[in-house]
Amino acid sequence: MARGGIRGRGGMNRGIGRPPYKVKMFLPRHPFDLALCESSFPRVKPAPDETAFTQALLKRNVDLSPTASEQTAILNLVTKIQTVLDNLVVAPGAFDACQLEEVRQVGSFKKGTMVTGHNVADIVVILKTLPTREAVEALGNKVKEDLKSLMKSEVVTKGEQLTHTTNERGIEISNSFACVRVMVTTLHHNIRKLDPEIHLDQKIMLSHLAAIRHSRWFEENAHHSSIKVLIRLLRDIRTRFEGFEPLTPWMLDLLAHFAIMHNPSRQALPINVAFRRVFQLLSAGLFLPGSAGITDPCEGVSLRIHTAMTLEQQDICCLTAQTLLRVLSHGGYKHILGLEGNASIAKEMSVWDGVVVSPLDKAYENPPEKKDGEEEDEDMEAEGDESMETIEN
Amino acid sequence: MATNNYFGFTHGGTQYSATATGAAYQAGQAGYAVAAPATAAAAAATYGTQRAAGYDTAYQAAAATQGTYAAVGTGATPAYEYGYGQTAAAGYTGGYDQTAAAAAAKPATYATTYTQRAAGQPQAQAAAAAAAAAKPAQYTGTYQANATGYQATYAQPAAQTTIAAQPTTQAKQANSTTTYSGYDAALYSAATMYVAQQGGAAQQKSGGWQGYKKGGIGAKNMRTKAPPKPQQLHYCDVCKISCAGPQTYREHLEGQKHKKREAATKMAASVAVTNQNRAGNSLRCQLCDVTCTGNDAYAAHIRGAKHQKVVLLHTKLGKPIPPQEPEIIGGPRNGDSKDDEVDEQPEPDIQPVGQDYIEEIKSDDGKVISFNCKLCECRFNDPNAKEMHMKGRRHRLQYKKKVNPDLVVDVKPSLRQRKIQEEKMRRAALREEFWARRHYNMPEDEDDRMYWEDRRRYEEEYMEMCRRGNLGPYPRGRPPFPGGAPPYFQGGMPMARRTESSDDRHVMARHSEIYPKEEELQSIQRIVSHTERALKTVSDQLAESTKPKEGQAQQPPTPQQPVAAPAANAANATPAAAKPVEAPAVVPKPESENKSAEQQQQQPKEDGRDNQLFSFQQDRDANRILKGVMRVGHLAKGLLLRGDTNVELVVLCADKPTLALLRKVVDLLPPALKQVAPENTYTVTINAAEAGLTVVGDGLTVLVQLTSPIMREQEAASGGLDRDVLARGKCLQALAALRHTKWFQARALGLHSCVVIIRILRDLCQRVPTWSPLSSWAMELLAEKVISSVPGQVQLSPGDALRRVMEAVASGLLLPGGPGLGDPCEKDSPDAASGLSAQQREDLTCSAQYALRLIAYRQIYKVLGMEPLPTQQKVFRRDRSARKRRRSGGEQADSESDSGKMVKTEGTETTTETPVK
């Protein structure tokens, strides 16, 4: 009698007495996860010594962490801009092109997961008014002026000259050391009113709102430093291995959190275990169609985060992880971390201790065959639907 | 003698029956849910927000889930703040848009007065209203608080009209009394305005009167009929234009414009009425008879070319030019100086908005030639026009719509709008009534009421759950209600039936392809049965030859065989063992199986078809050398595939099996076989290398191995003192095979879809060279562990089970550095897959990884080595094995319906469990 299926799709929720005539039973299932069923697989042979591996992970993390000077540079800029924006919230004065509701820092700088060489901090500005392009332009000019007056007394060296640009997301203010993206969005109930002709893109606005939720979730749940270390490592790996390109920072955050915290004891796993687990999970198809994946904790609807990738991207992401997992288990961690060699290991055959590790082929066929049974097509469609729904909401 | 625990199985059994896995995991989950309440609170906030987004849902939410709102409010996360703002906006402003906006613009409209009247406490409430009027922000609050009362009364038009008359009297009373104080202006104007807008008879009269008077004056002044004779200057007095010549003048007089104008002049009263129906503060240029909506418009008109032209014309003609002062057309309050103040107040207040959206269009030399408003998509050349446009209502509305939704625009609801709003209110009230009835009284239908009551309770619980910290798992905000469909739909709704996924269908189709045919099974059954019975004869003969006297003494066999009885019990107890599909060696129909099991209570069984030990012993003749025979391997596990020709039996000996014994058995067996099955021809050959013999017939080979438990016990002391003893390794293997069979029967047979998957994997290992290094035992262990380790003890469908096995291997379970497969049937559980080389492990993993993705991308047929199945219906017909199972026997039917139930409960379980994740 579980009416309407697990996902509550169909007419069920639309009000009274509309029975769902089409009952879909699509139960995404969690893939095999060794960490969750270790009791079934007691270790029967001694675990290999992983101190060198752990050391390499930690060393790589240190290499990837931003230097003190980078942090100061970006912090300076962020502080200034935050000050200016806060002033605009409190006392807009004659500035009436838009009204600011709230200013929040988001993104990797805020989370403490910044990777060196990528000195970008993100600030989201929520407008009370609707985000027209003119309003953003005006806000940009206002911020520019205010920054100028704020920095009047400072001696501005050449590298610290600020450049201001406006794009479809908001404003970008940068000097040669750091960059701050002021991303504009509007109140949630204004989102519906957005008109693509006049205002900034609705999807971008929603993504900025989501960024705020994400950073809040992160503060509350993912403050463990292992998670931050793992995120940094994963971000680096994402940039080096093509197959991981479609993974968004938010997916990496959740994946790292999942790999470290989601185990029976709820205690953080050691970094080497968690690092390997990321690849194990991805290899086991955590982000493949039909998998329950990871549910986005910041969306009201149950949205599996990997549905944001196309089916082909999911396949490539999975196969890259699968190849790397095998390389990792044969002792190729230095190549994966980028301490040695290059990224070709994901695509070319390599030999480790006499074991030949060969790359995998894509399983995804384009276009998918329709004759395979309509039910599964529906599954796939449902996935598409789901992601679209969330984007709309 | 207890053979059962002899094989060291009890040890393995206890280890395996540790189902604490799931429990531990679930406990962990609960911990997690508690650990993250903050997130959930945020999520709950979002949830509430989304619910409130639509107007009607907001209504229901407010009615049903007051508690939630309050609770979330205390949470007061910033996210919630917008959420709340939104709620308020959607719930109130959305519904009462015009009224609310108007109320905010003009501090006291009829709305407040009205509420106050309805409440029936004029003095106190009036004061409150006045205070509210002073602070618009607070005013909103008051408005919300009163909203329900307001709406309730408002919904009844009859009451409205009766009250409509009252404000005037009330206002008059207020006027007359001395309490008339600071709030007077607002209140008074509100009252009068309300009356004005009500369009009551009295108001109509007064307005009409004023308009009439004015009209009269106008007519007297200059709206005399057009002069019959045109002078040189062809001047039309009505339209205030001059024409170039008589021809055009005539045309003008006949033209529509002129005629309209003339008609309008004649009906001066109507002009007044229309004027007065418009804004309260129109200005009229008496010279041109043009009505302007505001000071600015009037100024613009005066400056404008048209007015200048008329002035010029009038001076030329020597006509009287009325004073520049505009004639104020302000409705009934025209003469009232107070009203003028009030009315003119808001006018200068309007600030131009949206300067940024007006583009200046410049000519080539940089001069501004025109303006373009991007919000309203209109152009004007005059800077004044631009100013006015920016103050104008249309522009402001556009600005409100496109830029700042908070902008207050003076809205005068037209008759139509008001009607729409009224209708909305009425519907809301109706709905409320409906719900109230649903929830509390009027049990039209007891079932019906119960259903809704349950549903409400469920929803409340759900909200409670959400608040406590579980994420709302349901996409559309409303939780599914487990109580089923509302009663009146119950008849027509199809029951939710678990459908097989395409993966399941493929796996089952492939399974029926590899599953041995009936004839194959029967012939295997025959040869095995014959061999077993012949072995028993041999055993009897051997026993007689050693102890002929004792053998005779024990002629009457006791009905309760110590070993056979527990075996029969076991056959009864494990229903899985009795399933024909999963235990293919059992040929007879289940009914007869049951019967035979019962019969076995009385008589000794004649062969080992229940896959338990077939004991040769009769009573306690301890000296018998061949104690019993047992089926092992694929035969006993029910893993035979189509085309399999080799089956295995193990004979347990009392002592170490020696070559001499083996030879003796080989000698005695052919006659015994002849005796058991005279019509079949079997060849018996000795196979000392395998510590046994082979029986070949019908193209099938039965390997009979001799072994003894003593071989194991002796381990340390053996030292090879007896060269005649059969190869120890082989004997131990045979013992292990016995244990594996026991383990399999205890663990894998009862596990949902496990045997099917193991058969599929066996087929895979035979087909695909990469998989062939994986030993059968390791593969069985792997499949069982993977399938049994599903968190929450969920039963997997065959397709899911296969995918899960592939996931496990793909995630590197077998790779070097993995945990290994502990063998429960050996001491210290060594790795059952230790024979695999690193390269083999690598290749296995690689293959599984590809297979996993093939499954995920709907190409499971490639993994299974079959053709893709066409459509679902056809497959259903083709899938005979499933149907066969359903048809056969009572016990099967039971287990089938059991599994069906499990599916259902599983569904609901997931419903309740999902929020935990």
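This briefing walks through two spots in chain B: a pair of packed helices and a small sheet with a helix on it. Please keep in mind that the model is predicted. At the first spot, helices α27(B) and α39(B) pack at about 90 degrees. At the second, three strands form an open sheet in the order β6-β7-β8.

**The helix pair**

- Helix α27 of chain B covers residues 502-514, and its partner, helix α39 of chain B, covers residues 798-810; their axes lie 7 Å apart and make an angle of about 90 degrees.
- Because angles of 65 to 115 degrees count as roughly perpendicular, α27(B) is roughly perpendicular to α39(B).
- From α27(B), the residues in contact are B:D503, B:D504, B:V507 and B:M508, and they meet B:P798, B:G799, B:D800 and B:L802 of α39(B).
- By type, the residues of this contact between α27(B) and α39(B) comprise four nonpolar, one polar and three charged.

**The three-stranded sheet**

- Pairing in the open β6-β7-β8 sheet of chain B is antiparallel.
- Strands β6 (358-362) and β8 (378-380) of chain B sit at the edges, each pairing on one side only.
- From one strand to the next, the twist averages 25 degrees.
- Strand β7 of chain B, residues 368-373, runs antiparallel to β8(B) and is joined to it by three bridges.
- Across from B:C373 you will find B:C378, in β8(B).

**The helix on the sheet**

- Helix α23 of chain B (residues 383-391) packs on this sheet and touches β6, β7 and β8 of chain B.
- The direction of α23 makes about 140 degrees with that of β8(B).

Note on methods: Residues are numbered from 1 along each chain as its sequence is written. Chains are lettered from A and ligands numbered from 1 in the order in which they are written. This is a predicted model: local features need pLDDT of at least 70, side-chain atom pairs count only at pLDDT 80 or more; totals for chains, interfaces and linings use all residues. Side-chain values use heavy atoms; hydrogens and water are left out. Axes are lines fitted to C-alpha atoms, for helices over the stretch in contact, and angles run from 0 to 180 degrees between N-to-C directions. Helices (H or I, at least four residues) and strands (E, at least two) are DSSP runs, numbered from the N terminus. Angles under 35 degrees count as roughly parallel, over 145 as roughly antiparallel, 65 to 115 as roughly perpendicular and the rest as oblique. Contact means heavy atoms within 4.5 Å. Ala, Val, Leu, Ile, Met, Phe, Trp, Tyr, Cys and Pro count as nonpolar, Asp, Glu, Lys and Arg as charged, and the others, Gly among them, as polar. Two strands pair if DSSP finds at least two bridges between them.
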